[in-house]
Amino acid sequence: TVEDGVRVFELTAAAGSTGIVPEGQTPTLGYNGSYLGPTLVAERGEIVRVDVDNQLPDTTTVHWHGMHLPAAMDGGPHNPIAPGETWSPEWMVDQPAATLWYHPHLHGITREQVDAGLAGMFLVRDDVEASLPLPHEYGVDDIPVIVQDRSFDAEGAFTGELGQFDGVLGDTILVNGTASPYLDVTTERVRLRLLNGSSARMYEFAFDDGRPFDLIATDGGLLEAPVESESIPLSPGERAEIVVTMSPGERAVLRSLAPDADLNAGSSSFDVMELRAASALDPSLELPERLADIPEPDASTADGERTFELSGHNINDRQMDMGRVDEVVTVDTSEVWRVRNDNPLPHSFHVHDTQFRVLSIDGQAPPARLAGYKDTIALEWNREYRLLVRFEDYADPTTPYMYHCHLLWHEDQGMMGQFLVV
Ligand code: C2O
Ligand code: CU
Ligand code: CU
């Protein structure tokens with residue numbers, strides 16, 4: 001609803017249960033329902049408010065992952081919502097059209113709450129994206145695809161052991177909370193908004209028949225041009241929008257090829273979702289040759305440089321301390337952040353509030369799939385990622401934003417730091 005020029009959303013977090021597997025009902029957490037939450041959609045330039053009502057027995061927070069907004073609205077560990085309380089952050093959406101998402105961020109129990117079902121998508125739309133000949137019809141040819149891995153016990157409850165290094169890896173893939181999912185395709189082209197909503201598993205999405213698809217957007221929005229691809233890797237928290245072309249009556253299976261079997265326990269390749277095309281498909285427009293103006297990232301605009309070494313469950317040899325500010329940056333400046341994963345273990349790097357650009361990986365220009373706006377990036381072992389990070393608009397001398405590994409168990413273990421924008 002829109003009240004006095006403010007678009008208002010309501011989210012109620014509560015415990016429930018739902019049938020996911022034949023073994024029985026699964027006790028879950030969800031927003032406005034038993035598992036996951038509604039897709040929130042806002043236009044660039046709109047002021048939004050979300051009334052988050054916590055009906056859980058525990059404290060929670062809701063973080064708007066990928067959103068540019070004031071630190072006090074960010075929903076990190078400093079914005080707890082006690083049981084029975086409502087939190088109403090309000091901000092202006094001012095960033096390019098993108099697939100963002102929301103999830104809890106209470107320090108130490110983020111993995112537990114996300115894995116129980118607290119997550120949802122937040123789509124930003126804008127005029128640039130709306131004017132392009134892309135599939136736009138939500139639920140018809142523009143489809144949210146939240147991919148999670150879970151395990152179930154004999155009664156249907158979620159189960160899973162915390163692994164030594166990664167956290168919990170499940171043996172059952174869910175898409176939008178559904179096991180063995182399929183999608184009835186009614187148009188020639190379908191746009192899949194892929195979100196790796198898993199807490200630890202890395203995916204390499206590809207089709208079973210090797211068919212190419214077009215990668216059109218990553219975390220922070222559209223790429224400069226569609227990138228024809230046969231696979232796309234996504235670490236926890238990352239998003240990719242792909243457009244796949246189908247022929248009448250055919251079936252195609254979206255699969256995951258494990259990026260590196262040693263770093264991800266479990267089977268090396270598995271089905272994610274089947275696409276089932278109708279015997280007659282509505283025509284779709286040709287994809288445009290250009291999507292958006294993405295300026296070349298220019299490191300000479302940076303005011304400073306910082307280094308982040310991820311090792312074990314530490315960043316720069318430290319663990320998260322809610323009472324310690326690790327970095328202080330200046331509003332309306334850019335910096336080069338040099339990030340390195342010192343372990344042969346899977347880690348990623350996520351920065352709140354901002355969409356960064358990848359300047360280089362070990363001195364080389366990034367691949368096309370990493371050339372757009374990003375807020376989360378998988379870190380291959382022992383490579384130097386140089387990121388151009390911009391901090392705009394919102395200064396706050398007291399409330400920090402977070403940067404962290406987005407493998408949620410690592411984050412919970414303290415692989416996170418805090419920065420102030422002043
Ligand atoms: Cu998606 Cu700090 O999180
Ligand atoms: Cu975030
Ligand atoms: Cu990690």
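In the predicted model, strands β18 (residues 213-218) and β19 (residues 221-229) run antiparallel to one another and are joined by five bridges. Two residues separate these strands, and the pair forms a hairpin. Within the pairing, D214 has E228 of β19 as its bridge partner.

The secondary structure of the protein comprises three helices and 33 strands. One open sheet contains five strands in the order β25-β24-β27-β31-β29, and its pairing is mixed. Its edges are formed by β25 (314-315) and β29 (357-361), each of which pairs on one side only. At the β25 edge, strand β24 (residues 302-311) pairs with β25 in the antiparallel sense through two bridges. S311 is matched there with N314 of β25 as its bridge partner. In a regular strand, side chains point alternately to the two faces of the sheet.

Strand β31 (384-391) of this sheet is preceded by a loop that starts after β30 (376-379), and N382 lies in that loop. The phi angle of N382 is near 60°, a positive value in a residue other than glycine. N382 counts as exposed because 11 C-beta neighbours lie inside 10 Å, the limit for this class being 12 or fewer. On the other side of β31, the loop leading to β32 (401-404) holds D393. D393 likewise is not a glycine and has a positive phi, of about 70°. With 13 other C-beta atoms within 10 Å, D393 is classed as partly exposed.

A further set of pairings involves strand β10 (120-125). Strand β4 (residues 40-43) pairs with β10 in the parallel sense over four bridges, and L40 stands opposite F122 of β10. Strand β9 (residues 98-103) is antiparallel to β10, and five bridges join these two strands. In that pairing, Y102 has G120 of β10 as its bridge partner. Strand β10 therefore takes part in a parallel pairing with β4 and an antiparallel pairing with β9.

The loop between α1 (110-115) and β10 contains A116. A116 has 19 C-beta neighbours inside 10 Å and so counts as partly exposed; 20 or more would be needed for a residue to count as buried. When residues up to four places away in sequence are left out, A116 touches T28, L29 and F158. The C-alpha atoms of A116 and L36 are separated by 8.7 Å, although the two residues are 80 residues apart along the chain.

At the level of domains, the assignment divides the protein into domain 1 (2-126), domain 2 (142-282) and domain 3 (299-421). The centres of domain 1 and domain 3, taken over C-alpha atoms, are 23 Å apart. Contact between these two domains involves 17 residues from domain 1 and 19 residues from domain 3. On the domain 1 side, the residues that touch domain 3 are seven nonpolar, eight polar and two charged.

The unreviewed UniProt entry lists residues 23-127, 171-247 and 311-422 under "domain: Plastocyanin-like". In the model, the span of residues 23-127 is 7% helix and 38% strand, with 46 Å between its end C-alpha atoms. The span of residues 311-422 is 4% helix and 42% strand, and its end C-alpha atoms lie 28 Å apart.

For the overall dimensions, the C-alpha atoms of the protein occupy a box of roughly 60 × 55 × 50 Å along the principal axes. The radius of gyration is 20 Å, which agrees with the value near 22 Å that a compact globule of 422 residues would have. Of the 422 residues in the protein, 47% are buried. Among contacts between residues at least 6 apart in sequence, 77% join residues at least 24 apart.

Conventions
Residues numbered from 1 in each chain as written. Chains lettered and ligands numbered in written order. Domains from an automatic or database assignment. Contact = placed C-beta atoms within 7 Å. Nonpolar A, V, L, I, M, F, W, Y, C, P; charged D, E, K, R; others polar. UniProt positions renumbered as here; feature names shortened; annotations may be inferred. Rg over C-alpha atoms; globule rule 2.2 N^0.38 Å.
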